[in-house]
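Biologist: I would like to learn how to read pockets, cavities and unusual backbone angles in a model. Where should we begin?

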Amino acid sequence: MNKFFTLALLFLSTTFMFGQTNKAKTTETRKPFVLGVIDEIQSKELGEKRILNIYLPEGYKAEDATKYPVIYLLDGSADEDFIHIAGLVQFNSFEWINQVPKSIVVGIATVDRRRDFTFPTTIEKDQKRFPSSGHSDKFIAFIEKELQPFIEKNYKANDSKTIMGQSLGGLLAAEILLKKPTLFNKYVIVSPSIWWNNASILNQDSALFQENFNQQTQIYLAVGKEGLTPTEIPRVMEVDANLLAEKIKASKSKNIQVYFDYLPLENHATILHPAASNSFRFFYPIKEKE
């Protein structure tokens, strides 16, 4: 009996000591998993600091001459769309896939989507429901005057600039496309909230439509099976997105490429990921080997 207790005690002691050693070893070898960098910019246009989540491609070195395309992602907080979009970019840029060139992703962390992504509305109900709304002009000025220069100064950015936005973010991307089309040369507009202010954006004129618009611009526009919009005047997401696509396709410029993607198996909550993947196939078609 005494031998049994001695052996049991020895076993427990050995297990405890091994556990302590193993725990210490685990603590020593455990490291943070780093996906990118967190930067911040003080914005005079917005009167606040903004957080930027930034994915840098494999092999990125500040001292190298290599420069990279930049994808500006709206709703780019870590708990929004930054991680899965950065993952898509990384996956598609693997050398054995080679769908997308190695790129920088700049996730603009959200503060107030309705304030930043919407222009003023004349709909009184929406004015009351969303009292902070209607200041997209300031956010666009932030992108143009502060964010893009900041990224181009501090990171190895080339001339390829993509904006990606969904829902109200899609509305903002559409507004930029129509009002400031040269801010980006690639637009990913997903399930845009065209219904805002009873779809007044569809009446917006633009330099984009003129024959002398000479910037090569690619526009990917996607919508799922999403149905009626949250408006008093009945509107349908699919119809509004199609109307926007047709409006852009009517441009007299030969420098505009538009692809309208209807994804009937996706809804407003699920569409962004597959749409982003499809947009890369549109922007960077892989040529079949002869």
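The turns below take up the open and closed spaces, then two backbone angles.

Modeller: This is a predicted model, in which local features need pLDDT of at least 70 and side-chain atom pairs count only at pLDDT 80 or more, while totals for chains, interfaces and linings use all residues. Residues are numbered from 1 along each chain as its sequence is written, and side-chain values use heavy atoms, without hydrogens and water.

Biologist: How much space lies in the largest pocket, and which residues lie nearest its centre?

Modeller: On a 1 Å grid over the protein atoms alone, a pocket is an open set of points with protein on both sides within 12 Å along at least five of seven lines; a cavity is a set where a 1.4 Å probe fits but cannot get out, and lining residues have an atom within 4 Å of a point. The largest pocket holds about 230 Å³. Its lining has 15 residues, with Ser167, Ser193, Trp195, Pro230 and His268 nearest the centre.

Biologist: How many cavities of 30 Å³ or more are there?

Modeller: The count is one, and the largest cavity has about 30 Å³ of space. Among its lining residues are Arg50, Asp75, Asp112 and Phe139.

Biologist: Which residue in the loop between strand S6 (186-190) and strand S7 (217-224) has a positive phi?

Modeller: Strands (E, at least two residues) and helices (H or I, at least four) are DSSP runs, numbered from the N terminus. Serine 191 is in that loop, and its phi is about 40° although it is not a glycine.

Biologist: Is serine 191 buried or exposed?

Modeller: Buried means under 20% relative accessible area, exposed over 50% and partly exposed in between (1.4 Å probe, protein chains only). Serine 191 is buried, at 0%. Asparagine 98, with a positive phi of about 55°, is exposed at 54%.

Terms used. Grid points are joined across faces, edges and corners, and a volume is the space filled by probe spheres set on the points.
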